[in-house]
Amino acid sequence: MKTNKKMLVLAGDGIGPEVMGQVRRVVDWFDRRRAVKFDIQESLVGGASYDKHGTPLTDKTLADALSADAVLFGAVGGPQYDALPFDKRPERAILALRKEMGLFANLRPAMVFDALVDASSLKPEVVRGLNIMILRELTGGVYFGEPRGMEKLPDGQRRAVDTQVYTTGEIQRIARVAFELAKKRGNKVCSVEKSNVMWTGQLWRDEVTKLHGAEFPKVELSHMYADNCAMQLVRNPKQFDVIVTDNLFGDLLSDCAAMLTGSLGMLPSASLGAVDQQGRRRALYEPVHGSAPDIVGKNMANPIAELLSFAMLLRYSFDLQDDARLIENAVEKVLASGMRTADIMSPGAAKVSTVVMGDAILRELDKQAA
Ligand code: IPM
Ligand code: MG
């Protein structure tokens with residue numbers, strides 16, 4: 001029997017709609033060919049929502065996101081919105097969704113596909129076989145801490161404040177996700193902060209250490225300062241398995257880790273909430289790349305990050321491991337065949353458009369499911 005999953009699709013701005021277009025074809029393929037069945041709802045978000053409704057996230061869209069089984073997100077932002085007041089900016093939409101949906105755990109895997117080893121700016125031996133997971137705390141820290149804002153001082157200067165703040169509970173719940181993830185992977189967690197200069201860093205280290213001793217003594221735990229971690233990621237990234245860190249450090253380190261794989265166009269992410277009493281958890285899936293205004297409308301964006309985000313959706317929201325693997329295998333095969341979008345192009349490969357990459361992946365899915 002087929003079970004209908006409620007999926008809210010928010011393609012957003014820039015290349016979001018282009019890459020989502022290809023993913024929608026794959027979703028339709030799953031609808032036709034596999035047991036899973038989706039009820040899909042689509043809404044505007046970010047700049048596209050601002051243009052139509054005067055706000056980057058309407059109450060209706062937020063309510064739909066809260067009641068969906070999973071949200072598949074594209075990207076938001078663009079230069080035409082840069083002059084908007086802070087609360088109207090496209091980025092507010094994704095930040096509000098994360099906060100309101102309680103998506104505190106952001107999984108950002110960085111994997112190097114064999115076929116793409118040469119697309120990395122690092123030496124092949126440094127990145128070959130790389131498979132690390134950056135776990136970023138997503139609803140706390142300096143992104144949301146109060147007080148925040150800007151004021152004018154009597155002497156005419158302006159003063160701006162952001163607040164980095166974490167509670168023990170916030171640290172424990174993200175650390176718990178890190179240890180659970182590690183148990184299913186390489187069994188290693190590296191906790192990253194700046195406990196040498198920050199109180200929140202000190203608390204972070206204390207709480208991770210305590211939880212480790214109490215609940216996960218068999219997982220190997222290490223600690224690292226965030227600046228050192230940035231360096232180690234480009235020096236010897238394969239030393240890591242799961243990296244757990246706060247919202248801001250996670251933002252920086254995940255971009256850095258993404259580039260090890262050759263292109264931001266390859267990297268998916270999952271943002272998960274807590275599991276409720278019915279065993280359900282809110283979740284949003286989005287590529288790590290942004291709206292890429294420079295290549296919008298040129299049919300050259302790489303749809304793979306969005307597609308792998310859909311694979312994560314199948315895996316983490318619906319426990320459809322085989323279906324997720326189908327997509328991942330199809331991507332791997334297509335890359336191995338030498339097809340490349342511009343961002344991952346290498347000498348001797350065949351440069352293809354967004355749509356042709358989509359065609360190739362669908363053909364490969366057909367083959368795999370035959
Ligand atoms: C990310 C992005 C966002 C962030 C922006 C778009 C608000 O950089 O998801 O990494 O800073 O979290
Ligand atoms: Mg970022």
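Student: What volume does the largest pocket have?

Tutor: Good place to begin, and keep in mind that this is a predicted model. The lining of the largest pocket holds 11 nonpolar, 2 polar and 7 charged residues. The volume of this largest pocket is about 640 Å³.

Student: Which residues that line the largest pocket are the closest to its centre?

Tutor: The lining of the largest pocket counts 20 residues in total. Closest to the centre are L107, M133, L181, R315 and Y316.

Student: Which element supplies the largest share of the lining of the largest pocket?

Tutor: Let's look at the contributors together. At least two lining residues come from each of β4 (105–111), β5 (131–137), α6 (168–183), α10 (304–318) and α11 (321–336). The largest share is 4 residues, and the element that supplies it is α10.

Student: Where does ligand 1 sit?

Tutor: Start with what surrounds ligand 1: E91, R98, R108, R136, Y143 and D251. Now turn to the second largest pocket, where E91, R98, Y143 and D251 are among the residues nearest the centre. Those four names appear in both places. Ligand 1 indeed sits in the second largest pocket.

Student: What volume does the second largest pocket have?

Tutor: This pocket is lined by 24 residues, including I94 near its centre. By class, they are 10 nonpolar, 4 polar and 10 charged. The second largest pocket has a volume of about 520 Å³.

Student: Which element gives the most to the lining of the second largest pocket?

Tutor: Three candidates give two or more residues to this lining: β3 (70–75), α4 (91–101) and α9 (247–260). With 5 residues, the one that gives the most is α4.

Student: How many residues of the shell around ligand 1 are charged?

Tutor: You can sort the shell yourself from its members, E91, R98, R108, R136, Y143 and D251. Tyr counts as nonpolar, while Asp, Glu and Arg count as charged. That sorting leaves 1 nonpolar residue, no polar ones, and a charged count of 5.

Student: What distance separates a polar side-chain atom of Y143 from an oxygen atom of ligand 1?

Tutor: Two arginines help set the scene. An N or O atom in the side chain of R98 is 2.7 Å from an oxygen atom of ligand 1, and for R136 the corresponding value is 2.8 Å. For Y143, the distance is 2.5 Å.

Student: What percentage of the area that ligand 1 exposes when taken alone does the protein bury?

Tutor: Taken alone, ligand 1 exposes 320 Å². Of that area, the protein buries 74%.

Methods. Residues numbered from 1 in each chain as written. Chains lettered and ligands numbered in written order. Predicted model: local features only at pLDDT ≥ 70, side-chain atom pairs only at ≥ 80, totals over all residues. Heavy atoms only, no water. Near = heavy atom within 4 Å. Polar contact = N/O pair within 3.5 Å; in protein donor to acceptor, adjacent residues only side chain to side chain. Areas by Shrake-Rupley, 256 points an atom, 1.4 Å probe, with all protein chains shown as cover. 1 Å grid on protein atoms, 1.4 Å probe; cavity = no way out; pocket = protein on both sides within 12 Å on 5 of 7 lines; lining within 4 Å. Sits in = over half its atoms within 2 Å of the grid points. Points joined across faces, edges and corners; volume = space filled by probe spheres on them.
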